[in-house]
Amino acid sequence: MKGENMMKKQVLFVVLDQFADYEYPFLATALQGRILDKTSEYEVKTLSISKAPIKSMGGFTVLPDYGVEDYPADYAALVLIGGNSWRTDEAKQIAPLLKTAYSAGKVVAAICDATVFLGMNGLLNERKHTSNTLENLMEGAGDNYTGKDNYINQQAVRDGNLITANGTAYLEFTTEVLTALEAYPADYIENNHQFYKLGFVEIIKLRQEQSV
């Protein structure tokens, strides 16, 4: 089992102090575990400014696997989780990692206010994207953001390997990142989305109706 884990591709979840608890669980669970009878070839690792403990908006304490000085070079994707710290000076320390990942063509995904951080660093100007309203994005990203013509008012947007989502789009965000990583077959990803979107009771009813 240990050897199998070492072979897995790492997805780095960037979490800053006061990160949003509700924005990543569906994606992290699918990547770390399985959907139906298939197991992911990925594993989840957390990254922050340092390895010092950080606390989520919901009060959970996380001990990051990596800091900005010691992360591996061969990770598969960078996932920026929203929260209350992306507009701080401290968050600027994530910028070199973000720009390196973007330039290398890795999957880069941001949800909620982490999308503003992408805008602050000029990464949304030529790519289709979304956020927590265009007005909020323009205000937060400032002069480095000139991509309003590429803004799409929907839950989540994927433009190649770049994925953005608003803060309530955790299921759509999950689907787009899993698709970009080809983590599972398309029908498995859709099944996972519908299971959590509709809920257990409705899914069981639907399956019973389909079997008649």
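Over how many bridges do β1 and β4 pair, and in the parallel or antiparallel sense? Hold that thought for a second while I set the scene. What we have here is a predicted model. It has eight helices and 10 strands. The C-alpha trace spans about 60 × 45 × 35 Å along its principal axes. With 212 residues, a compact globule would come out near 17 Å in radius of gyration, and this protein has 17 Å, so the two agree.

Okay, back to the strands. Strand β1, residues 9-14, pairs with β4 in the parallel sense, over six bridges. If you want a spot to click on, Gln10 stands opposite Glu43 in β4.

Zooming out, those strands belong to an open sheet of six, in the order β4-β1-β7-β8-β10-β9, and the pairing is mixed. At the edges you find β4 (42-47) and β9 (156-159); each has a single partner strand, so one side of each is left without a neighbour in the sheet. As for twist, neighbouring strands here are turned by 15° against each other on average, ignoring direction.

Now the helices on that sheet. Helix α2 lies across β1, β4 and β7 (77-80), and runs at about 135° to β4. Then there's α6, residues 170-181, which packs on the sheet and touches β1, β4, β7, β8, β9 and β10. The direction of α6 makes about 180° with that of β8.

And what about the two helices with each other? α2 and α6 pack at an angle of about 35°, with their axes 8 Å apart. From α2 you get Phe26, Leu27, Ala30 and Leu31. They meet a set from α6 including Tyr170, Phe173, Val177 and Leu181. By type, the residues of that contact are 10 nonpolar, one polar and no charged.

Last stop, the largest pocket. Where does its lining come from? α2 (25-32), β2 (34-35) and α7 (186-198) each supply at least two of the lining residues. So α2 shows up again: Phe26 and Ala30, which we just saw in the contact with α6, also line the pocket. Others in the lining include Pro25, Arg34, Asn191, Asn192, Tyr196 and Arg207. The split is seven nonpolar, three polar and two charged, around a space of about 180 Å³.

If you open the model yourself, start at α2: it lies across three strands we named, β1, β4 and β7, packs against α6, and supplies residues to the pocket lining.

How values were computed. Residues are numbered from 1 along each chain as its sequence is written. This is a predicted model: local features need pLDDT of at least 70, side-chain atom pairs count only at pLDDT 80 or more; totals for chains, interfaces and linings use all residues. Side-chain values use heavy atoms; hydrogens and water are left out. On a 1 Å grid over the protein atoms alone, a cavity is a set of points where a 1.4 Å probe fits but cannot get out, and a pocket is an open set with protein on both sides within 12 Å along at least five of seven lines; lining residues have an atom within 4 Å of a point. Grid points are joined across faces, edges and corners, and a volume is the space filled by probe spheres set on the points. Helices (H or I, at least four residues) and strands (E, at least two) are DSSP runs, numbered from the N terminus. Ala, Val, Leu, Ile, Met, Phe, Trp, Tyr, Cys and Pro count as nonpolar, Asp, Glu, Lys and Arg as charged, and the others, Gly among them, as polar. Two strands pair if DSSP finds at least two bridges between them. Axes are lines fitted to C-alpha atoms, for helices over the stretch in contact, and angles run from 0 to 180 degrees between N-to-C directions. Contact means heavy atoms within 4.5 Å. The radius of gyration is taken over C-alpha atoms; the globule rule is 2.2 Å times the number of residues to the power 0.38.
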